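Student: I'd like a close look at a single part of this one, please. Pick the spot you'd start with and talk me through it slowly.

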Amino acid sequence: MAAVLEKVQRLERYVQLTNGYVDRVLESTIDKVLDRERQRLLRQQTRLRSQMAGFEARYGWTSEEFYPRFERGELGDNTDFVEWSATIEMVENLQRTIELLSEGTIQ
């Protein structure tokens, strides 16, 4: 990961050095990389949402009903509940990341 971060920082310095001018091919490549990552995260989010739907069907609650009750400690430490809670949090984290990667793009 450090190598990737270093490359991104080097690219940032390059763009600053050129006063924001970059070749259209470079800009297009960056857009494609961001979109590829966004698409990968959307697929992962879809899988996790399907897992949430399984919990909702099994227990008869929506995730919106379940999560606050679990967070308040009303439901105990059932393994399914811990996993369901973690899945909800992962979906929310993915959503924030997807939104970050989507900034400035037309969807």
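Tutor: First, a word on labels: a helix here is a DSSP run of H or I with at least four residues, and helices are numbered from the N terminus. Keep in mind too that this is a predicted model. By that numbering, L5 sits in helix α1, which covers residues 2–17. That's just to get our bearings; the part I'd zoom in on is helix α4, residues 79–102.

Start with its meeting with α3, residues 63–71. The two axes come within 10 Å and cross at roughly 115°. Angles from 65 to 115 degrees count as roughly perpendicular, so α3 and α4 are roughly perpendicular to each other. Their crossing is left-handed. On the α3 side, the contact is made by S63, F66, Y67, F70 and E71, and α4 answers with F81, V82, W84, S85, I88 and E89. Sorted by type, the residues of this contact come out as seven nonpolar, two polar and two charged.

Some of those names come back when you look at the largest nonpolar core. It holds 15 residues, and F66, F81, W84 and I88 are the ones touching the most other members. Helices α2 (24–59), α3 and α4 each put in at least two residues. The biggest contributor is α4, with seven residues.

Now click on W84. Skipping its neighbours within four places in sequence, W84 is in contact with M52, F55, E56, Y59, W61, T62, S63 and F66. S63 and F66 belong to the α3 side of the contact we just went through, while M52, F55, E56 and Y59 fall inside α2, which runs 24–59.

Next, T87, also in α4. Its relative accessible area is 0%, and anything under 20% counts as buried, so T87 is buried. If you leave out residues up to four places away in sequence, T87 touches L48, Q51, M52 and F55. M52 and F55 are thus partners of both W84 and T87.

That brings us to α2 and α4 as a pair. Their axes come within 9 Å and cross at roughly 155°. The cut-off for roughly antiparallel is over 145 degrees, and that makes α2 roughly antiparallel to α4. This crossing is left-handed as well. The residues of this contact divide into 15 nonpolar, seven polar and seven charged.

For another place where α2 can be paired with a distant stretch of chain, try V33, which is in α2. V33 and L101 are 68 residues apart along the chain, yet their C-alpha atoms are separated by 9.9 Å. V33 itself has 53% relative accessibility, so it counts as exposed, whereas T87 is buried.

For contrast, go back to L5 in α1. L5 and F66 are 61 residues apart along the chain, and their C-alpha atoms are separated by 38 Å. With a relative accessible area of 44%, L5 is partly exposed.

One last stop on the way from α1 to α2 is N19, in the loop between them. Its phi is near 55°, a positive value in a residue other than glycine. N19 is exposed, with a relative accessible area of 74%.

Definitions and conventions
Residues are numbered from 1 along each chain as its sequence is written. This is a predicted model: local features need pLDDT of at least 70, side-chain atom pairs count only at pLDDT 80 or more; totals for chains, interfaces and linings use all residues. Side-chain values use heavy atoms; hydrogens and water are left out. Axes are lines fitted to C-alpha atoms, for helices over the stretch in contact, and angles run from 0 to 180 degrees between N-to-C directions. Angles under 35 degrees count as roughly parallel, over 145 as roughly antiparallel, 65 to 115 as roughly perpendicular and the rest as oblique. A crossing is left-handed if the near helix is turned anticlockwise from the far one by less than a right angle, and right-handed if clockwise. Contact means heavy atoms within 4.5 Å. Ala, Val, Leu, Ile, Met, Phe, Trp, Tyr, Cys and Pro count as nonpolar, Asp, Glu, Lys and Arg as charged, and the others, Gly among them, as polar. A nonpolar core is a set of buried Ala, Val, Leu, Ile, Met, Phe, Trp, Tyr and Cys residues joined through side-chain atoms within 4.5 Å. Buried means under 20% relative accessible area, exposed over 50%, partly exposed in between (1.4 Å probe, protein chains only).
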